[in-house]
Amino acid sequence: KKRGLQADPQFIIKVVGMLGILGVRHCMFIIGPTGCGKTEVWKTLLEARKEVGEDGAWEQANPKAVTSDELYGTMSKTKEWKDGLIAVIFRNMSKEMNGYKSSHIHKWVILDGDIDATWIESMNTVMDDNKVLTLVSNERIPFSPSMRMILEIQDMKHASPATVSRGGVLFINETDIGWK
């Protein structure tokens, strides 16, 4: 109610479903059409966790809005490494730098945008049991136990079976969450 939302039973079911998935998985997909409430579900869950004393923080990015080099990082011809967006976010969360603290029980990386085979395959070592982002620079950034990766997407038509099998799935239809 603090967020201006009504306690719609279907919405609550989706929030509780997400809580269950994050309890057993470190990576998940929230799938549904634009405007169906995907963002509100994860924001509501994180705010609810804060209400019970479990601090958290999130960082959101659209992987399709940048090039692969801008997303992960790039090595110049002179062997100088330049971090990409994901490298910075993961390192900050993992090492508790730049605003991320040990008091953050929940640290969520939200990737909001369509899955593309170009960038998602590089996430497979993060999404599997290794829980490590391996960069071209040979740096390995481990997921800390408080970190989760949430992919907010419309569909999985460009995801390989290997990618699909590495995360939990919460599907939201446009009719699941109503307006009152």
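**A walk through the sheet, its helices and its cores**

Let's start with the sheet: 5 strands line up in the order 2-5-8-1-9, forming an open sheet with parallel pairing. Strand 2 and strand 9 (168-171) sit at the edges with a single partner strand each, so one side of each has no neighbour in the sheet. From one strand to the next, the twist averages 20°. Keep in mind as you look around that this is a predicted model.

Now for the pairings. Strand 5 and strand 8 run parallel and are joined by 6 bridges. If you want a landmark there, find Asp112, which stands opposite Glu152 in strand 8. Over towards the strand 9 edge, strand 1 pairs with strand 9, again in the parallel sense, over 4 bridges. The landmark here is Ile30, standing opposite Leu170 in strand 9.

Stay with strand 9 for a moment. In a regular strand, side chains alternate between the two faces of the sheet. Strand 9 shows the alternation: Gly168 and Leu170 point to one face and are buried, whereas Val169 and Phe171 point to the other and are not.

Next, the helices that go with this sheet. Helix 1 packs on the sheet and touches strand 1, strand 5, strand 8 and strand 9; its direction makes about 175° with that of strand 9. Helix 2 lies across strand 1, strand 2, strand 5, strand 8 and strand 9, and runs at about 160° to strand 2.

How do these two helices meet each other? Helix 1 (residues 9-24) and helix 2 (residues 38-51) pack at an angle of about 70°, their axes 9 Å apart. That angle makes helix 1 roughly perpendicular to helix 2. On the helix 1 side, the residues in the contact are Phe11, Lys14, Val15, Met18, Leu19 and Leu22, and they meet Glu40, Val41, Trp42, Thr44, Leu45 and Arg49 in helix 2. Sorted by character, the residues of this contact come out as 8 nonpolar, 1 polar and 3 charged.

Gly37 is worth a quick stop too, in the loop between strand 1 and helix 2. Is Gly37 buried or exposed? Its relative accessible area is 18% and the cut-off for buried is under 20%, so Gly37 counts as buried. Gly37 and Phe11 are 26 residues apart in sequence, but their C-alpha atoms are 8.4 Å apart in space.

On to the interior. The largest nonpolar core has 31 residues, and Phe90, Leu111, Met123, Met149 and Leu151 touch the most other members. Among the elements that give two or more residues to this core are strand 1 (27-31), strand 2 (56-61), strand 5 (106-112) and strand 8 (147-153), along with helix 4 (85-94). Helix 4 gives the most, with 5 residues. There's also a second, separate core of 18 residues, which includes Val15, Met18, Met28 and Ile110.

Helix 4 deserves a closer look. It is mostly covered, with 8 of its 10 residues buried: Ile86, Ala87, Ile89, Phe90, Arg91, Asn92, Met93 and Ser94. Pick out Phe90, and leave aside residues up to four places away in sequence: Phe90 touches Val109, Met123, Val126, Leu133, Ile141, Phe143, Met147 and Met149. Finally, just after helix 4, Glu96 takes a positive phi of about 55°.

Terms used: Residues numbered from 1 in each chain as written. Predicted model: local features only at pLDDT ≥ 70, side-chain atom pairs only at ≥ 80, totals over all residues. Heavy atoms only, no water. Core = buried A, V, L, I, M, F, W, Y, C linked by side-chain atoms within 4.5 Å. Buried < 20%, exposed > 50% of the residue type's maximum accessible area, 1.4 Å probe, protein only. Contact = heavy atoms within 4.5 Å. Axes fitted to C-alpha atoms, helices over the stretch in contact; angles between N-to-C directions. Parallel < 35°, antiparallel > 145°, perpendicular 65-115°, else oblique. Nonpolar A, V, L, I, M, F, W, Y, C, P; charged D, E, K, R; others polar. Pairing = 2+ DSSP bridges.
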